[in-house]
Amino acid sequence: MATIFTKIINREIPASIVFENDKVIAFKDINPQAPIHILVVPKKEIPTLNDISAEDSEYLTAMYLAIKDIAKDLNISEDGYRVITNCNSHGGQEVFHLHFHLLGGQHLGPMLSI
């Protein structure tokens, strides 16, 4: 079943796209957790980190290179940013299509507060 990200990739639903190439699409999160909150998604459907295969390495490389370029374009590369991915329900994954959250634009606090 197609995820919301697949529908964005296929232009079935709108998104504020900030980056795209043949392997990756990146767009603004509709529920931002920081002033800059971008979702970086491979154009290949990979449900979770657990589903990555050796053949997917080109997609992962493309995702990280996109993150670097987006951070530079959004002027957060020097001050810093955070990249997060969640895996499965206990890890907080809500959309089962691998994606990275790029967060920045302010000082980010600790990862976990217990």
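The largest pocket of the structure encloses about 640 Å³ of space. A pocket is here an open set of points on a 1 Å grid over the protein atoms alone, where a 1.4 Å probe fits, with protein on both sides within 12 Å along at least five of seven lines; grid points are joined across faces, edges and corners, and the volume is the space filled by probe spheres set on the points. The model is predicted, so that local features need pLDDT of at least 70 and side-chain atom pairs count only at pLDDT 80 or more, whereas totals for chains, interfaces and linings use all residues. Residues are numbered from 1 along each chain as its sequence is written, and side-chain values use heavy atoms, with hydrogens and water left out.

The lining of the largest pocket consists of 27 residues (those with an atom within 4 Å of a point), and Asp29, Asn31, His37, Leu39 and His101 lie nearest the centre. At least two lining residues come from each of helix H1 (4-9), S2, S3, S4 and S5; H1 supplies the largest share, 3 residues. Helices (H or I, at least four residues) and strands (E, at least two) are DSSP runs, numbered from the N terminus.

The strands form an open sheet of 5 members with antiparallel pairing, in the order S1-S2-S3-S5-S4; pairing requires that DSSP finds at least two bridges between two strands. Strand S1 (17-20) and strand S4 (81-84) are the edge strands, each pairing on one side only. On average, neighbouring strands of the sheet are turned by 20° against each other, direction ignored. Axes are lines fitted to C-alpha atoms, for helices over the stretch in contact, and angles run from 0 to 180 degrees between N-to-C directions.

At one edge, a hairpin leads from S1 to S2 through 3 residues, and these strands pair over 3 bridges. Glutamate 20 has isoleucine 25 in S2 as its bridge partner. S2 is joined to S3 by 5 bridges, with phenylalanine 27 opposite leucine 39 in S3. S3 also pairs with S5 over 5 bridges, and histidine 37 faces leucine 103 in S5. At the other edge, 4 bridges connect S4 to strand S5 (residues 100-104); there isoleucine 84 stands opposite histidine 101.

In S3, 7 of 7 residues are buried, a term that denotes under 20% relative accessible area with a 1.4 Å probe, protein chains only. Both faces of this strand are covered, with Ile36, Ile38, Val40 and Pro42 on one side and His37, Leu39 and Val41 on the other. Helix H2 (residues 57-73) lies across S1, strand S2 (24-28), strand S3 (36-42), S4 and S5, and runs at about 155° to S3.

In soluble globular proteins, nonpolar side chains tend to be buried together. A nonpolar core is defined as a set of buried Ala, Val, Leu, Ile, Met, Phe, Trp, Tyr and Cys residues joined through side-chain atoms within 4.5 Å. The largest such core comprises 18 residues, of which Val24, Ile38, Val40, Met63 and Ile70 touch the most other members. S2, S3, H2 and S5 each give two or more residues to this core, and the largest share, 7 residues, comes from H2. Beyond its neighbours within four places in sequence, valine 40 is in contact (heavy atoms within 4.5 Å) with Val24, Ile25, Ala26, Met63, Ala66, Ile67, Ile70, His99 and Phe100. Another core, of 8 residues, lies apart from the largest one and includes Ile8, Ile9, Leu39 and Val41.

How values were computed
Buried means under 20% relative accessible area, exposed over 50%, partly exposed in between (1.4 Å probe, protein chains only).
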